Amino acid sequence: MIAQQVIRTEKLTKEYVLGSEIVRALRGVDLVVERNEYVAIMGPSGSGKSTLMNLIGCLDTPTSGEYWLNGQLVSELSDDELARIRNKEIGFVFQTFNLLPRATALHNVELPLIYAGVPAKERRERAASALERVGLAQRMDHKPSELSGGQRQRVAIARALINNPAILLADEPTGNLDSKTSEEIMALFGELHADGQTIILVTHENDIAAFAHRVVTLRDGLIESDVVRDAAVV
Amino acid sequence: MLLGEGIRLALQQIRAQKLKSFFAVIGVVIGVMFLMTVVTVIEGMNRYMKEDFARTIYGLNTITLSRWPEVQINTSAEQWREWIRRPRLTFEDADAIREQLDVPALVAVESGGGGRVAAEDGTEIENVWLTTASADYFRIRELKIARGRAFTAPEDRIGAPVVILGHEAAQKLFGDRDPLGRMVKIAGHRFRVIGVLEKQGTLFGMSLDNRAIAPSRSMLARVTAPHGVVDDILIRVDDPDQMQQALMEVEAIMRVRHRLRPDQPNDFALDTADDSMAFWTRISRILYLAFPTLVGIALVVGGMVIMNIMLVSVMERTREIGMRKAIGARRRDIIFQVLIESATLSGFGALIGIGIGIGLAQLVAAVSPLPASISPVWIAVSVALGAGVGIVAGLYPASRAARLDPVVALRYE
């Protein structure tokens with residue numbers, strides 16, 4: 001069932017020119033992710049996992065191959081169309097949170113809606129309920145500097161969820177957090193997954209990847225293993 | 001919506017970095033300040049020239065006939081020598097004009113000088129503007145008598161020893177006492193005060209009220225002009241539409257009286273309020289041409305500073321721009337944001353400049369005789385200029401920001 005396939009890539013390749021060398025970061029990746037999957041992408045540095053994440057996140061376009069996101073062929077879209085896809089279909093969560101330092105939590109969460117052209121009143125309401133969903137109802141008017149690392153990441157997650165994206169794409173989301181806070185954030189991901197959210201997690205940490213139900217491991221630009229686990233840790 | 005967001009962001013940035021922002025916009029501040037000061041003074045002068053100066057010097061619908069133009073710029077020595085050789089104007093010239101002019105008009109003679117006036121009790125005032133004139137002078141110059149009366153045509157003909165004092169002169173000489181009927185002494189001659197003028201105010205800081213006016217053939221004429229001679233002949237036309245006609249007639253009458261051949265130029269000058277305005281218009285046009293150049297230089301420098309600040313600001317926020325792109329900002333959104341920010345910054349500078357400029361102009365108006373007039377049009381122009389400089393200065397940084405590759409920008413340290 002095509003409609004259930006949130007992500008489908010076919011022979012995805014990506015080459016960079018680095019000086020006089022051509023780096024083949026991806027050498028033909030076929031990956032299908034279905035709705036409400038919880039996938040961890042792993043691999044050592046240089047394996048191509050960041051490149052794959054950039055392609056999945058529509059931040060970059062492949063050298064060859066096709067990429068369908070939510071039934072739409074996005075590998076051949078223009079810059080502005082990709083911006084729209086990132087806005088509507090993808091919720092990014094970064095290792096370094098990437099919040100606006102001088103804006104309140106509420107305003108940070110509103111930001112994608114501004115680019116989507118949503119009126120101010122609706123923006124505020126939706127941002128407020130997204131913050132409630134990540135447990136920060138009491139912190140809406142705080143600036144990032146007034147929040148803990150875990151709270152900042154929650155703000156970023158609320159921002160990622162605001163447009164009800166097809167996928168939540170998290171790049172080392174716990175890389176800057178201590179282990180206790182990491183567990184809290186992973187527990188939040190678990191809740192979101194239980195609510196039906198498709199999650200893709202890029203990480204190099206095994207114990208973080210262990211939260212996912214499926215682990216895709218890359219090596220030298222190819223999928224080395226793709227393991228679906230029944231008894232995932234929740 | 002994005003506009004509001006952009007301005008909000010820019011103001012946040014300005015608030016967060018007050019000093020840096022101030023230095024960023026100082027060029028714009030100086031440029032706009034300069035523009036506002038100069039424009040305010042020029043506009044003030046303009047209004048002043050229209051409302052007061054032209055009227056005071058020349059009067060409405062009035063032709064001033066004199067030996068040389070009243071207002072001169074850059075007169076060469078040669079020109080001066082020619083002027084000095086010109087025949088003087090006489091009472092007979094005035095009489096001839098009065099008789100021969102077809103256009104209905106009032107004609108008066110006027111001569112002026114400066115000197116002292118003393119009251120009987122020995123109170124003496126200096127630098128009094130002394131005028132000898134014929135009776136119609138008061139109607140031509142629209143001088144209103146506050147108390148007493150003006151002198152009459154018969155009094156003028158016989159050269160009666162009467163005088164009308166300016167408001168300030170009367171005040172200084174007599175204080176609270178009634179000046180009417182009292183005697184004053186001017187250049188050794190005694191005059192009876194028969195009237196006091198209404199208060200006139202000042203012109204370029206000079207009082208128009210420290211004056212005394214006596215009949216044109218009175219003994220005061222010995223101070224103001226050589227015997228039989230007058231400085232100016234004033235012709236006030238009843239109907240403004242007949243000014244040109246009157247000018248032509250007066251010119252013709254005088255050419256005949258001076259026996260000028262057709263190929264000879266006029267050896268007298270005819271001035272009207274319009275001429276003085278034309279003269280002023282020329283000066284203000286020069287000012288309006290010269291100052292934009294200076295203002296332009298200041299704004300270009302200001303724009304370059306802003307461009308630099310914006311480039312640094314874009315660099316510093318590379319990751320933020322990457323994040324914005326990742327969550328759905330298109331190129332044009334990024335360009336728009338940077339442009340709005342730099343326009344807000346520079347518009348903010350323009351506002352400061354306008355404030356300081358108006359303040360400076362008021363200061364100039366307070367300490368010098370130059371007037372000041374705030375023009376809403378120029379305030380709008382200044383704000384637009386400021387914002388425009390910001391937009392132009394922001395173009396390059398904005399396109400740099402928009403071209404950032406989100407993948408690279410997000411990893412930027």
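Visitor: How many residues of chain B are in contact with chain A?
Guide: Contact means heavy atoms within 4.5 Å. This is a predicted model. On the chain A side, 25 residues take part. On the chain B side, the number is 26.

Visitor: What area do chain B and chain A bury between them?
Guide: The size of an interface is often given as the accessible area lost when the parts come together. Here, 57% of that area lies on carbon and sulfur atoms. The total for chain B and chain A is about 2300 Å².

Visitor: Which residue of chain B meets D79(A) in a salt bridge?
Guide: The rule finds 2 salt bridges across the interface of chain B and chain A. In the one at D79(A), N to O is 2.9 Å, within the 4 Å cut-off. The partner side chain is R331(B).

Visitor: How many charged residues are on the side of chain B that touches chain A?
Guide: Helices α1 (2-16), α11 (318-326), α12 (331-367) and α14 (406-410) of chain B each supply at least two residues of that side. Its residues include 10 nonpolar and 4 polar. The charged ones number 12.

Visitor: Which helix gives the largest share of the largest nonpolar core?
Guide: In soluble globular proteins, nonpolar side chains tend to be buried together. The largest nonpolar core here has 68 residues. I7(A) and L52(A) are among those with the most contacts inside it. The largest share, 8 residues, comes from chain B, from helix α2 (residues 18-57).

Visitor: How many residues are in the other core, with V93(A) and F211(A)?
Guide: This core lies apart from the largest one. L99(A) and L192(A) are also among its members. Its residue count is 41.

Note on methods
Residues numbered from 1 in each chain as written. Chains lettered and ligands numbered in written order. Predicted model: local features only at pLDDT ≥ 70, side-chain atom pairs only at ≥ 80, totals over all residues. Heavy atoms only, no water. Buried area = accessible area lost by both parts, 1.4 Å probe. Helix = DSSP H or I, 4+ residues; strand = E, 2+ residues; numbered from the N terminus. Nonpolar A, V, L, I, M, F, W, Y, C, P; charged D, E, K, R; others polar. Core = buried A, V, L, I, M, F, W, Y, C linked by side-chain atoms within 4.5 Å. Buried < 20%, exposed > 50% of the residue type's maximum accessible area, 1.4 Å probe, protein only.
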